[in-house]
Amino acid sequence: MAYAASRSAADVTVVVSTRASRAKTDRIAASPATLVRHGTTYEEAEAHAMGLPGRYVSPYNDPHVISGQATIGCELDSQAAGPLTVVAPLGGGGLVAGLALWARERGDTRVVGVEAAASPAVSTAVRTGAITEVEVGDTIADGLSGNLEPGSVTPGILRAAGTALTSVTEDEIRAAMRWLFAEHGLVVEGSGACGVAAVLAGKIEIQGRLAVVLSGRNVMITTYAEALNTP
């Protein structure tokens with residue numbers, strides 16, 4: 001949204017919790033968007049944002065956001081022929097829901113969503129058939145952390161699509177961050193590395209070619225260095 005503000009001159013306010021990564025908030029603050037820090041959890045920040053004047057745009061529970069995420073699949077259509085297994089990080093479910101809708105049209109693609117084990121909100125909702133508040137622990141995958149907005153459409157999309165879900169531990173996420181740097185020279189934040197973490201941990205049944213979405217590199221240097229230096 002901050003990037004969109006920089007391109008369109010739209011009046012955008014981005015609300016984050018006071019615990020949001022500085023790697024992300026510093027970039028937002030440097031944009032034309034107005035940055036508001038509120039509450040200590042994602043849920044508190046979300047509730048505050050929903051109460052502000054103007055149109056609220058959820059990062060996951062919005063059909064336009066979900067459709068936008070699905071365009072990753074359109075890029076894969078032009079780059080990867082044949083059967084695919086697409087693995088992507090799962091927080092609120094917008095990205096994986098978009099990919100699931102695209103995969104349904106493609107027909108030869110399996111989508112797998114990967115949560116941080118410390119924040120199982122979507123998998124719980126898919127399993128139980130209801131959005132249920134879960135305990136959210138500390139995780140280096142801060143972009144995936146938090147409970148779901150009431151009425152969120154993403155669990156229903158994933159359930160209807162039969163999307164496979166799995167989770168990864170903190171050690172597995174850090175191992176993936178190290179592997180991406182050591183083997184490919186890629187700096188990837190914890191949230192973005194969850195798909196690779198699941199692959200490296202042997203938690204993904206691969207059918208056809210494998211594509212893994214790396215969804216961000218906004219990580220504090222100290223946090224990243226700690227992850228790289230963890231045995």
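Tyr224 is buried, with a relative accessible area of 9%. The value falls under the 20% cut-off for burial. Its ring partner is Phe181. In this predicted model, the two rings meet edge-to-face, 6.2 Å centre to centre, with 85 degrees between the planes. Phe181 sits at 41% relative accessibility, so Phe181 counts as partly exposed. The pair thus joins a buried ring to a partly exposed one. Where in the chain do Phe181 and Tyr224 lie? Phe181 belongs to helix H8 (residues 170-184), and Tyr224 belongs to helix H10 (residues 221-229). The pair therefore ties together parts that are 43 residues apart in sequence. The count of aromatic pairs comes to 1.

Now step back to the whole chain. The protein chain has 10 helices and 6 strands. Its C-alpha trace spans about 45 × 40 × 35 Å along the principal axes. What radius of gyration would a compact globule of 231 residues have? The expected value is near 17 Å, and the protein chain has 17 Å, so the two agree. Buried residues make up 44% of the 231 residues. Contacts in the chain often bridge long stretches of sequence. Among those between residues at least 6 apart, 67% join residues at least 24 apart.

Next comes the sheet. Four strands form an open sheet in the order S5-S4-S3-S6, with parallel pairing. Which strands are at the edges? They are S5 (164-168) and S6 (209-212), and each pairs on one side only. Neighbouring strands are turned by 25 degrees against each other on average, direction ignored.

Start with S3, residues 84-89. All 6 of its 6 residues are buried. Both faces of S3 are covered. On one side lie Leu84, Val86 and Ala88. On the other lie Thr85, Val87 and Pro89. S3 has S4 and S6 as its neighbours in the strand order.

Take the S6 side. S3 and S6 pair in the parallel sense over 4 bridges. Thr85 has Leu210 in S6 as its bridge partner. Val87 has Val212 as its bridge partner in S6. Both Thr85 and Val87 belong to one covered face of S3.

Now the S4 side. S3 and S4 pair in the parallel sense over 6 bridges. Ala88 stands opposite Gly113 in S4. How does the chain get from S3 to S4? The path goes through H5, and this β-α-β crossover is right-handed. H5 (residues 94-106) packs on the sheet and touches both S3 and S4 (109-116). The direction of H5 makes about 165 degrees with that of S3.

S4 is mostly covered too, with 7 of its 8 residues buried. S4 also pairs with S5 in the parallel sense, over 5 bridges. In that pairing, Val112 stands opposite Ala164 in S5. The bridges of S4 thus go to S3 over 6 and to S5 over 5.

Follow the chain past S4 to helix H6, residues 121-128. H6 is mostly covered. Which residues of H6 are buried? They are Ala121, Val122, Ser123, Thr124, Ala125 and Val126. That makes 6 of the 8 residues of H6. What covers these buried residues? The cover includes S4, helix H7 (154-161) and S5. Two of the covering elements, S4 and S5, are strands of the open sheet. Gly129 follows H6, and its phi is positive, near 80 degrees.

Put the pieces together. S3 is covered on both faces, and S4 has 7 of its 8 residues buried. H5 packs on the sheet against S3 and S4, while S4 and S5 help cover the buried residues of H6. Elsewhere, H8 and H10 are tied by the pair of Phe181 and Tyr224.

How values were computed: Residues are numbered from 1 along each chain as its sequence is written. This is a predicted model: local features need pLDDT of at least 70, side-chain atom pairs count only at pLDDT 80 or more; totals for chains, interfaces and linings use all residues. Side-chain values use heavy atoms; hydrogens and water are left out. Two strands pair if DSSP finds at least two bridges between them. Axes are lines fitted to C-alpha atoms, for helices over the stretch in contact, and angles run from 0 to 180 degrees between N-to-C directions. Contact means heavy atoms within 4.5 Å. Buried means under 20% relative accessible area, exposed over 50%, partly exposed in between (1.4 Å probe, protein chains only). Rings of Phe, Tyr and Trp (its six-membered ring) pair if their centres lie within 6.5 Å; planes under 30 degrees apart count as stacked, over 60 as edge-to-face and the rest as tilted. A crossover is right-handed if, with the strands pointing away from the viewer, the path from the first strand over the helix to the second runs clockwise. The radius of gyration is taken over C-alpha atoms; the globule rule is 2.2 Å times the number of residues to the power 0.38.
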